[in-house]
Amino acid sequence: MEAYTSFAQVYDLFMDNIPYSVWCDYITSLLQEYQISDGLILDLGCGTGTLTEELAKKGYDMIGIDSSPDMLEIATEKHLAADSSSLYLLQDMREFELYGTVKGVVSICDSINYILTLQELIQVFSLVSNYLDPQGIFLFDLNTEYKYHTLLAENTIAETREDSSFIWENYYDPDTKINEYDLTLFIKERENLYRRYTETHYQRSYSLKEIQTALAQAGLAFIAAYDAFSREPVKENSERIYIIARECKK
């Protein structure tokens, strides 16, 4: 089934442990290191728009792109409530189009891990390069193979809230580097009635070398890779990493 359909209804509920304002401060600090303190920024794989709107509060003009209409519906509600100027577009990141270039592109919450082949990864990176201003910055995060192989592995995760619950059954194939998780949701519709939904999500792990090669083929210069939310180098047990690249062909 298509990912982020039913899950969109409760995504923010189950992601309430993520300190988006802290993540936003970190991303903003990285952008500012490369003299991007304002202007047009693209949030690629924006989901329900929480980070998009946090960056808008920092003074950036935001465009959010996502392939899930259900997620974008919630993002639009946040945009209207905040009375921001953010623009949301329903597009697949593998073939997105913009009307012009942007100063920076950000992509977080492992959106890039949803790209399952190297060929499609290069395609995404090439589009990013095409729509970046000269010397524009691309900033994105990735779940690592360590996280998939060692932490998630073949584990089952379950969580219950007052009006919903989920069961996450995880499987990782180290040969294909594909991580599959089968998500079963129970969402309350009315008193004593919970509707059951199922979704299957696929992500892929990439080595840093694979990322660097793909960036180069797409016309982007690799600048740095950090253990998430720090300026420390990537470690063997890094669960999430941040990568910074720069447009270099215009």
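**Figure 1. Helices α2 and α3 cross in the predicted model.** The axes of α2, residues 20-33, and α3, residues 50-57, come within 10 Å and cross at roughly 60°. That angle makes α2 oblique to α3. The crossing of these two helices is right-handed. On the side of α2, the contact is made by Tyr20, Ser21, Cys24, Ile27 and Thr28. On the side of α3, the contact is made by Thr50, Leu51, Glu54 and Leu55. Sorted by class, the residues where α2 meets α3 are 5 nonpolar, 3 polar and 1 charged.

**Figure 2. Helix α3 is mostly covered.** Of the 8 residues of α3, 6 are buried. The buried residues are Thr50, Leu51, Thr52, Glu53, Glu54 and Leu55. Thr50, Leu51, Glu54 and Leu55 also take part in the contact with α2. Just after α3 comes Gly59, whose phi is positive, at about 105°.

**Figure 3. The largest nonpolar core has 32 residues.** Within this core, Phe125 and Phe138 touch the most other members. Several helices and strands each supply at least two residues. The strands are β1 (39-44), β2 (60-66), β4 (102-107), β5 (132-143), β10 (220-227) and β11 (240-247). The helices are α5 (118-131) and α7 (208-217). With 6 residues, α5 gives the most to this core. Apart from this core lies another one, of 25 residues, which includes Val106, Leu139, Ala224 and Tyr226. In soluble globular proteins, nonpolar side chains tend to be buried together.

**Figure 4. A close-up of Phe125 shows the residues around it.** Leaving out residues up to four places away in sequence, Phe125 touches Ile112, Phe138, Phe140, Ile211, Ala214, Leu215, Ala218 and Leu220. One of these, Phe138, is, like Phe125, among the two residues that touch the most other members of the largest nonpolar core. Three others, Ile211, Ala214 and Leu215, belong to the α7 side of the contact with α5.

**Figure 5. Helices α5 and α7 cross with their axes within 8 Å.** The crossing angle is roughly 50°. This makes α5 oblique to α7. The helix α5 passes α7 in a right-handed crossing. From α5, the contact uses Leu118, Leu121, Ile122 and Phe125. From α7, the contact uses Glu210, Ile211, Ala214, Leu215 and Gln217. The residues where α5 meets α7 divide into 7 nonpolar, 1 polar and 1 charged.

**Figure 6. Gln217 of helix α7 is exposed.** The relative accessible area of Gln217 is 52%. It counts as exposed because this value is over 50%. Gln217 is also one of the α7 residues in the contact with α5. Gln217 and Leu185 are 32 residues apart in sequence, and their C-alpha atoms are 40 Å apart in space.

**Figure 7. Tyr146 lies in helix α6 and touches residues far along the chain, including Asn237.** Helix α6 covers residues 145-152. Tyr146 and Asn237 are 91 residues apart along the chain, yet their C-alpha atoms are separated by 6.1 Å. Not counting residues up to four places away in sequence, Tyr146 touches Leu151, Glu236, Asn237, Ser238 and Glu239. With a relative accessible area of 28%, Tyr146 is partly exposed. The value falls between the limits of 20% and 50%, so Tyr146 is neither buried nor exposed.

**Figure 8. Cys109 and Gln135 have positive phi values.** Neither Cys109 nor Gln135 is a glycine. Phi of Cys109 is near 55°, and phi of Gln135 is about 65°. Cys109 is placed in the loop between β4 and α5, whereas Gln135 is placed in strand β5. Are these residues buried or partly exposed? Cys109 is buried, with a relative accessible area of 16%. Gln135 is partly exposed, with a relative accessible area of 43%. The two are classed apart because buried means under 20%.

Methods. Residues are numbered from 1 along each chain as its sequence is written. This is a predicted model: local features need pLDDT of at least 70, side-chain atom pairs count only at pLDDT 80 or more; totals for chains, interfaces and linings use all residues. Side-chain values use heavy atoms; hydrogens and water are left out. A nonpolar core is a set of buried Ala, Val, Leu, Ile, Met, Phe, Trp, Tyr and Cys residues joined through side-chain atoms within 4.5 Å. Buried means under 20% relative accessible area, exposed over 50%, partly exposed in between (1.4 Å probe, protein chains only). Helices (H or I, at least four residues) and strands (E, at least two) are DSSP runs, numbered from the N terminus. Contact means heavy atoms within 4.5 Å. Axes are lines fitted to C-alpha atoms, for helices over the stretch in contact, and angles run from 0 to 180 degrees between N-to-C directions. Angles under 35 degrees count as roughly parallel, over 145 as roughly antiparallel, 65 to 115 as roughly perpendicular and the rest as oblique. A crossing is left-handed if the near helix is turned anticlockwise from the far one by less than a right angle, and right-handed if clockwise. Ala, Val, Leu, Ile, Met, Phe, Trp, Tyr, Cys and Pro count as nonpolar, Asp, Glu, Lys and Arg as charged, and the others, Gly among them, as polar.
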